[in-house]
Amino acid sequence: MEFRDLKKQYAVLKNKIDKSVLDVMASGGYIMGKPVTELEISLAEYVGSKHCVSCANGTDALSLALMAMGIGSGDCVFVPDFTFFATAEVVSFAGAYPVFVDVDRDTFNIDSAKLDEAVRRVKSEGKYIPKAVIAVDLFGLPANYQEIRKVADKYGLYVIEDAAQGFGGSINGKKACSFGDISTTSFFPAKPLGCYGDGGAVFTDNDEWASIMTSLKYHGKGSYKYDNVRIGMNSRLDTIQAAILKPKFDAFKEYELDSVNEFARTYSSMLAGYVKIPQIPEGFYSSWAQYTITLENQEQRDSLQMYLKERGIPSTVYYPRAMHEQTAFSDVASDVSSLQISKILSETVLSLPMHPYMEQEDIEYICNSIQEFIRSR
Ligand SMILES: *Cc1c(COP(=O)(O)O)cnc(C)c1O
């Protein structure tokens, strides 16, 4: 059993993907070829955003957003304490200061009441200028943008949506990647919509930012290739990766998203009452980048992981360390007492195998194993 079976997905889509890649080889358009533009158009249409600018990976996508917004030295950006490192890394990389905010115990996403507290604290200290919040759609579930937007508007902050794991999710029918002033995603292979290498994209309705980010990802390009009007980076999506994404995006829309939601329902119905199952608020829809259960304590979590491993079931801890505990952020002063939930989650979460090509009997085997483990204790 695989944690995320990408080889099986390839076996199903092989003919289309192979043809798509071979067409690029024959076309000679290896950099910014036609599939890149075609993909950008269909992605923007799907999420309901005016512009999609593809780039090299989800981390660059976040950096492009911060650069377009002019965020840097002296500014601070609020990020969830419980996320993948890149969300916070890009803030420091831009020369700004990351402020870690605790998350909600049930949704794993940023807690807007604690965001409000954190902004007030930073303002009263007067050392950094609050500029933006990067909300993360962790494990596929969109963050609570209605509440986040209220806080952001109150203090004049930009909202950046890090939907690296959230592509395909929605709130009352409105799609992930459309909630931020700029939203970002990643096409890393294991994300909900992944390619066969690195890839990413930014989404925005803002014409000026879209044109700045298009320039930034191409060495600050002006009117033509050797007219460089700003300091940028080299962050293009490879044409081959765009060609791989096109048939994968069709499968994603046609059935993959439905499949993972069906598997999540099976998991939840079999695991409810045994462990804490992921909570999806009313009106929210997840793309299930991960199916993550919460155990009572670290000892129980670690024993369960061992127990599953002995039975051939892979599982992963996303994430074993909160941001405020990362060595790279040891110089960021955090109010640890306000970050308790992130700390507890890092000790008690466990992600189970989840992908669109799972076998129903595998899910039953996993759930029966978890039930037996809980009963035996
Ligand atoms: C994967 C991920 C990123 C970074 O994406 P890459 O394409 O790997 O650079 C950023 N934020 C979150 C929440 C992620 O899960």
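**Ligand shell, sheet and loops**

Q: How far from an oxygen atom of the ligand does a polar side-chain atom of S186 lie?
A: This is a predicted model, in which local features need pLDDT of at least 70 and side-chain atom pairs pLDDT 80 or more, while totals for chains, interfaces and linings use all residues. Residues are numbered from 1 along each chain as its sequence is written, and side-chain values use heavy atoms, without hydrogens and water. A polar contact is a pair of N or O atoms within 3.5 Å. Between a polar side-chain atom of S186 and a ligand oxygen, the distance is 2.7 Å.

Q: What share of the area exposed by the ligand alone does the protein bury?
A: T59 places a polar side-chain atom 2.5 Å from a ligand oxygen, and Q165 does so at 2.8 Å. Taken alone, the ligand exposes 380 Å² (accessible area by the Shrake-Rupley method, 1.4 Å probe). Of that area, the protein buries 93%.

Q: Which two helices each supply at least two residues of the shell around the ligand?
A: The ligand is surrounded by 14 residues (a heavy atom within 4 Å), the closest being G58, T59, D162, S186 and K191. The shell divides into four nonpolar, eight polar (Gly counts here) and two charged residues. Helices are DSSP runs of H or I with at least four residues, and strands are runs of E with at least two. The two helices in question are α3 (58-68) and α4 (86-93).

Q: Which strands stand at the edges of the open sheet β7-β6-β10?
A: Three strands form this sheet in the order β7-β6-β10, with antiparallel pairing (at least two DSSP bridges between two strands). Each edge strand has a single partner, so one side of it is left without a neighbour in the sheet. The edge strands are β7 (174-175) and β10 (284-285).

Q: Which residue in β7 stands opposite I171?
A: Strand β6 comprises residues 170-171 and runs antiparallel to β7. Two bridges join these strands. Opposite I171 in β7 stands K174.

Q: Which residue has a positive phi although it is not a glycine?
A: The residue lies in the loop between β3 (97-101) and α5 (112-125). Its phi is about 70°. The residue is F108.

Q: What is the omega of the cis peptide bond from Y318 to Y319?
A: Y319 belongs to the loop between α9 (298-310) and α10 (340-348). The bond from Y318 to Y319 is cis, with omega near 5°.

Technical notes
Polar contact = N/O pair within 3.5 Å; in protein donor to acceptor, adjacent residues only side chain to side chain.
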